[in-house]
Amino acid sequence: MDPGGLFCNIKECRKPISGRAWATVCSHVVCHSCGSKTLDKIPPSCPVCDTLLKKQFEVLNLDLDPSDELKSMILAGLRPETILEIAHRGMSFWTYQNCMNRLFDEATIQARIEKNEIIKKNYQDLDQREWDLKSKLENQMQNINKLKKQVNDLNEILAETESQHEKLQATNEDYRRKLVHIVAGKRSSDLNATFDYGTFRK
């Protein structure tokens, strides 16, 4: 931003002013485009501070780059004290504009600082949340690993139980076969004894 230049006083614009501009008695200046949109009311009011501009010359559309002929003639014939008064008022206008520019720059810088602080805080919050999520993820992974170990242990117990069950089934099957064989042998022996006893009686 040119520290010695004029800028449109409407904060939504703030364009550097060159060529033609609108100046008000309340020491505000707006670019030709903004002034043409906002100063067409009757009576007009300052688009910056809403001051009513009822009198003639309270708002002027100025050429900021006057020709040499105009520079030569605009103050011609005026008394020195009048020229000095005009120059003093012109310098006061510039001083006020420079003050406004400085205040606007400071406000802009402060707004950016505050925005950066907000962004920094948000980043710190996100970083903290990321750390918390990583910690939770690590805890979850530890829990998952514990559950996997428990599942593996249970699978081993289940496999051992099934093995023992198969052994018991095999043992029971052997006992059953032996029992069947014993029972069958006893029945055969009883039949033989019965047969022998009947023969003896005859």
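These legends walk through an overall view and several close-ups of one predicted model. Because the model is predicted, local features need pLDDT of at least 70 and side-chain atom pairs count only at pLDDT 80 or more, while totals for chains, interfaces and linings use all residues. Residues are numbered from 1 along each chain as its sequence is written, and side-chain values use heavy atoms, with hydrogens and water left out.

**View 1. The whole protein chain, with three helices and three strands.**
Following the sequence, you will meet these elements in the order β-β-α-β-α-α. Helices (H or I, at least four residues) and strands (E, at least two) are DSSP runs, numbered from the N terminus. The C-alpha trace spans about 180 × 35 × 30 Å along its principal axes. The radius of gyration of the protein chain is 53 Å, whereas a compact globule of 202 residues would have one near 17 Å; this radius is taken over C-alpha atoms, and the globule rule is 2.2 Å times the number of residues to the power 0.38.

**View 2. The surface of the protein chain.**
About 16,700 Å² is exposed, and carbon and sulfur atoms supply 58% of that area. Accessible areas come from the Shrake-Rupley method with a 1.4 Å probe, and for residues only the protein chains shown count as cover. Of the 202 residues, 15% count as buried. Here buried means under 20% relative accessible area, exposed means over 50%, and partly exposed lies in between (1.4 Å probe, protein chains only).

**View 3. Cysteines without a disulfide.**
A disulfide is a covalent bond between the sulfur atoms of two cysteines, and the cut-off used here is a pair of cysteine sulfur atoms within 2.5 Å. The structure holds zero disulfides. For C34, the nearest cysteine sulfur is that of C31, 3.4 Å away. C34 counts as buried because its relative accessibility is 14%. The sulfur of C49 has its closest cysteine sulfur in C26, but the distance is 3.6 Å, so the two are too far apart for a bond. C49 itself counts as partly exposed, at 34% relative accessibility.

**View 4. Two positive phi values in the loop between α1 and β3.**
Most residues other than glycine have a negative phi. D50 is not a glycine, yet its phi is positive, at about 65 degrees. You will find D50 in the loop between α1 (32-38) and β3 (59-63), where it is exposed, with a relative accessible area of 59%. F57 also lies in the loop between α1 and β3. Its phi is near 70 degrees, again a positive value in a residue other than glycine, and F57 counts as exposed at 58% relative accessibility.

**View 5. Q97 and its contacts.**
Q97 belongs to helix α3 (residues 80-201). What does Q97 touch, leaving aside its neighbours within four places in sequence? It is in contact with L6, F7, N9, S27, H28 and V29, where contact means heavy atoms within 4.5 Å. Q97 counts as buried because its relative accessibility is 0%.

**View 6. S72 in helix α2.**
Helix α2 (residues 68-73) holds S72. S72 is exposed, with a relative accessible area of 54%. From C-alpha to C-alpha, S72 and T24 are 24 Å apart in space, and they are 48 residues apart in sequence.
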